[in-house]
Amino acid sequence: MEKRAPFLMLLLRVSLFIAFQALIALLFWVLGKEAPWKLSEGYWVLTGLLANGVTFYLLYRLFQKEGIRYFDHFRFTKDGWWKDLLIALGLLILSGPISMIPNTLLAKWLFGSVEVSTELFFRPLPLWVIFLGFFWAITQGLVELPAYFSYAMPRIEKQLQNGWFAWALASFFLAFQHIGIPLIFQMDFILWRLGMFLPFAFFIGFCLKLRPRLFPYIMIGHALMDIGAVVLLLEARQGF
């Protein structure tokens with residue numbers, strides 16, 4: 001089981017997203033709501049938050065079994081911290097267009113316009129769900145990149161004796177998980193969710209592979225970027 005754990009971690013999050021969305025859809029069905037699965041698609045911040053909680057628990061236990069404390073890998077290094085900060089800021093600025101350009105280009109190619117994909121992704125939600133989204137964003141920073149690049153990647157590298165294949169595998173599944181948040185049974189939407197994150201995932205994975213001491217800076221930057229998505233949810237709610 002210990003040898004399989006890093007590979008199972010690659011599929012854990014997308015499985016959790018789908019499972020929790022199914023539970024939300026089931027709850028809507030029990031409540032007699034119309035089109036419960038379609039309604040559940042808008043609650044991706046809630047499925048993400050629940051998945052993050054499970055991910056954190058499992059990572060904590062897996063690290064603990066190896067005698068590693070969860071945050072040992074994510075501590076700021078005193079020596080040369082200013083250099084790490086400047087590098088991280090530069091990489092985060094560079095990651096902006098790397099994440100946004102594929103998003104826009106794919107949306108126009110698959111849907112004909114960005115507005116169509118935006119309407120599929122941002123739905124009208126109760127305020128309490130959107131406010132939970134801020135906790136989702138913070139927990140994203142705590143668990144998402146560590147799951148793929150701190151836990152899975154180095155252990156797969158050790159087993160396969162191939163660091164670059166481990167990096168490619170972890171990066172691909174970091175992007176792949178997004179097809180489940182939310183899971184919408186439309187091939188164009190699935191391709192959009194996967195493709196828009198592929199360049200960003202490989203880029204971030206490459207940076208963390210070459211310079212793991214950037215982890216705490218990029219984790220914070222990641223959480224801030226996801227807070228931006230929650231703000232867009234608030235703006236979308238006002239527009240409905």
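This is a tour of selections through a predicted model, stop by stop.

**Before selecting**

Residues are numbered from 1 along each chain as its sequence is written, and side-chain values use heavy atoms, with hydrogens and water left out. Because the model is predicted, local features need pLDDT of at least 70 and side-chain atom pairs count only at pLDDT 80 or more, whereas totals for chains, interfaces and linings use all residues.

**Stop 1: colour by confidence**

Colour the protein chain by pLDDT, the predictor's confidence in each residue, from 0 to 100. The chain has a mean of 93, and 98% of its residues reach 70 or more. Now select residues 215-239, helix α9, where confidence is lowest at a mean of 86. Confidence is highest in helix α7, residues 163-176, at 98. Helix names here follow DSSP runs (H or I, at least four residues; for strands, E, at least two), numbered from the N terminus.

**Stop 2: Val 14 in helix α1**

Select Val 14, which is found in helix α1. Val 14 counts as buried because its relative accessibility is 5%. The classes are buried for under 20% relative accessible area, exposed for over 50% and partly exposed in between (1.4 Å probe, protein chains only). Add His 178: the two residues are 164 apart in sequence, and their C-alpha atoms are 7.0 Å apart in space. Then show the contacts of Val 14 (heavy atoms within 4.5 Å). With neighbours within four places in sequence left aside, these are Phe 176, Gln 177, Ile 179 and Gly 180.

**Stop 3: Thr 55 and the Arg 13 pair**

Go to Thr 55, in helix α3. Thr 55 is buried, at a relative accessible area of 0%. Not counting residues up to four places away in sequence, Thr 55 touches Leu 12, Arg 13, Leu 16, Val 143 and Ala 147.

From that list, keep Arg 13 and add Glu 144. The two form a salt bridge, with the closest N and O atoms 3.6 Å apart. The bridge links distant parts of the chain, since Arg 13 sits in helix α1 (residues 5-30) and Glu 144 in helix α6 (residues 127-160), 131 residues apart. Both partners are buried. A salt bridge here is a side-chain nitrogen of Lys or Arg within 4 Å of a carboxyl oxygen of Asp or Glu, and by this rule there are eight.

**Stop 4: Glu 66 and Arg 155**

Select Glu 66 and Arg 155, whose side chains meet in a salt bridge at 2.6 Å, N to O. Glu 66 is in the loop between α3 and α4 and Arg 155 is in helix α6, so this pair ties together parts 89 residues apart in sequence. How accessible are the partners, Glu 66 and Arg 155? Glu 66 is partly exposed at 43% relative accessibility, while Arg 155 is buried at 15%.

**Stop 5: Arg 211 and Asp 84**

Move to Arg 211, which forms a salt bridge with Asp 84, the closest N and O atoms being 2.7 Å apart. The partners lie 127 residues apart, Arg 211 in the loop between α8 and α9 and Asp 84 in helix α4. Arg 211 is partly exposed, with a relative accessible area of 24%, and Asp 84 is buried, with 0%. Outside its neighbours within four places in sequence, Arg 211 is in contact with Lys 83, Asp 84 and Ile 87. For a long distance check, pick Val 45: its C-alpha atom is separated from that of Arg 211 by 30 Å, and the residues are 166 apart along the chain.

**Stop 6: a patch on the surface**

Select Trp 81, Trp 82, Leu 85, Leu 86 and Leu 89, which form a nonpolar surface patch with about 530 Å² of accessible area together. Areas come from the Shrake-Rupley method with a 1.4 Å probe; for residues, only the protein chains shown count as cover. Patches take residues with over 30% relative accessible area and no salt bridge, joining like charges within 9 Å and nonpolar side chains (Val, Leu, Ile, Met, Phe, Trp, Tyr) within 5 Å. Leu 86 lies in helix α4, residues 81-111. At 53% relative accessibility, Leu 86 counts as exposed.

**Stop 7: the two sides of helix α5**

Finish on residues 114-121, helix α5, whose buried residues are Ser 117, Leu 120 and Phe 121. They cover an arc of only 95 degrees around the axis, and therefore lie on the same side of α5. The arc is taken from the directions from the helix axis to the C-beta atoms. The buried residues of α5 pack against α3 (44-65), α4 and α8 (187-210). Turn to the face away from the buried side for the exposed residues Glu 115 and Glu 119.
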